[in-house]
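Take a moment with the sequence and the 3D view. We will walk through a few places, one at a time.

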Amino acid sequence: MYGCLIANWLEVNDRTFTRLGVITSRKIGKAHVRNRARRLMRESYRNIQHQCVQPMDLILVARKSIANKSQQEVEADLCAIMKRRRLLTS
């Protein structure tokens with residue numbers, strides 16, 4: 001758990017691509033806030049997907065604090081999580 005999101009993953013060997021799932025709870029806010037959170041998480045993953053070490057099933061769960069974050073902050077949190085768990089090459 002790190003910052004504004006939580007990442008859960010399962011490494012897979014039978015695929016050559018990563019699947020991404022995003023989860024936003026009603027606790028985060030109204031529909032427009034949840035939609036923005038989903039967009040931020042998807043875009044953050046899209047920007048770093050080429051650095052992934054191997055294919056995986058990745059699930060990103062938004063925390064309440066994501067509502068006040070910018071794209072750069074969300075991406076930095078995702079990078080920090082994935083680097084800490086050695087899921088990124090650099």
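Which residues does L10 touch, not counting those up to four places away in sequence? The answer is M56 and D57. Keep in mind that this is a predicted model.

Start with L10 itself. This residue sits in strand β1. Its relative accessibility is 53%. Exposed means over 50%, so L10 counts as exposed. Now look for K27, which lies 17 residues from L10 along the chain. The C-alpha atoms of L10 and K27 are separated by 26 Å.

Next, step back to the segment before β1, where C4 is found. Is C4 buried or exposed? C4 has 0% relative accessibility, so C4 counts as buried. Its contacts are worth tracing on the screen. Leaving aside neighbours within four places in sequence, C4 is in contact with V61, A62, R63, S65, I66, K69, V74 and D77. Two of these, V74 and D77, are also among the buried residues of helix α2. D57, however, is elsewhere: its C-alpha lies 20 Å from that of C4, with the two positions 53 residues apart along the chain.

That brings us to α2. This helix covers residues 71–84, which makes 14 residues. From first C-alpha to last, α2 reaches 20 Å, close to the 20 Å expected at 1.5 Å a residue. Which of its residues are buried? They are Q71, V74, D77, L78, C79, I81 and M82. Check the spacing of those numbers along the helix. An α-helix has 3.6 residues a turn, so residues three or four places apart point the same way. The buried residues of α2 pack against three elements: β1 (5–11), α1 (31–48) and β3 (56–62).

Now turn to the pair of helices. How do α1 and α2 pack? Their axes are 9 Å apart, at an angle of about 60°. That angle makes α1 oblique to α2. The crossing of α1 past α2 is right-handed. On the α1 side, the contact is made by L40, M41, E43, S44, Y45, N47 and I48. On the α2 side, Q71, V74, E75, L78, C79 and M82 take part. Sort this contact by class, and you get eight nonpolar, three polar and two charged residues.

Follow the chain past the end of α2. There you meet R86, in the segment after the helix. Most residues other than glycine have a negative phi. R86 is not a glycine, yet its phi is positive, at about 60°. Is R86 buried or exposed? At 69% relative accessibility, R86 counts as exposed.

One last stop is K30. Look in the loop between β2 (19–23) and α1. K30 has a relative accessible area of 63%, so this residue is exposed. Then find T89, which is 59 residues from K30 in sequence. In space, K30 and T89 are 36 Å apart, C-alpha to C-alpha.

Definitions and conventions: Residues numbered from 1 in each chain as written. Predicted model: local features only at pLDDT ≥ 70, side-chain atom pairs only at ≥ 80, totals over all residues. Heavy atoms only, no water. Helix = DSSP H or I, 4+ residues; strand = E, 2+ residues; numbered from the N terminus. Expected span 1.5 Å × (residues − 1). Buried < 20%, exposed > 50% of the residue type's maximum accessible area, 1.4 Å probe, protein only. Contact = heavy atoms within 4.5 Å. Axes fitted to C-alpha atoms, helices over the stretch in contact; angles between N-to-C directions. Parallel < 35°, antiparallel > 145°, perpendicular 65-115°, else oblique. Left-handed = near helix turned anticlockwise from the far one by under 90°. Nonpolar A, V, L, I, M, F, W, Y, C, P; charged D, E, K, R; others polar.
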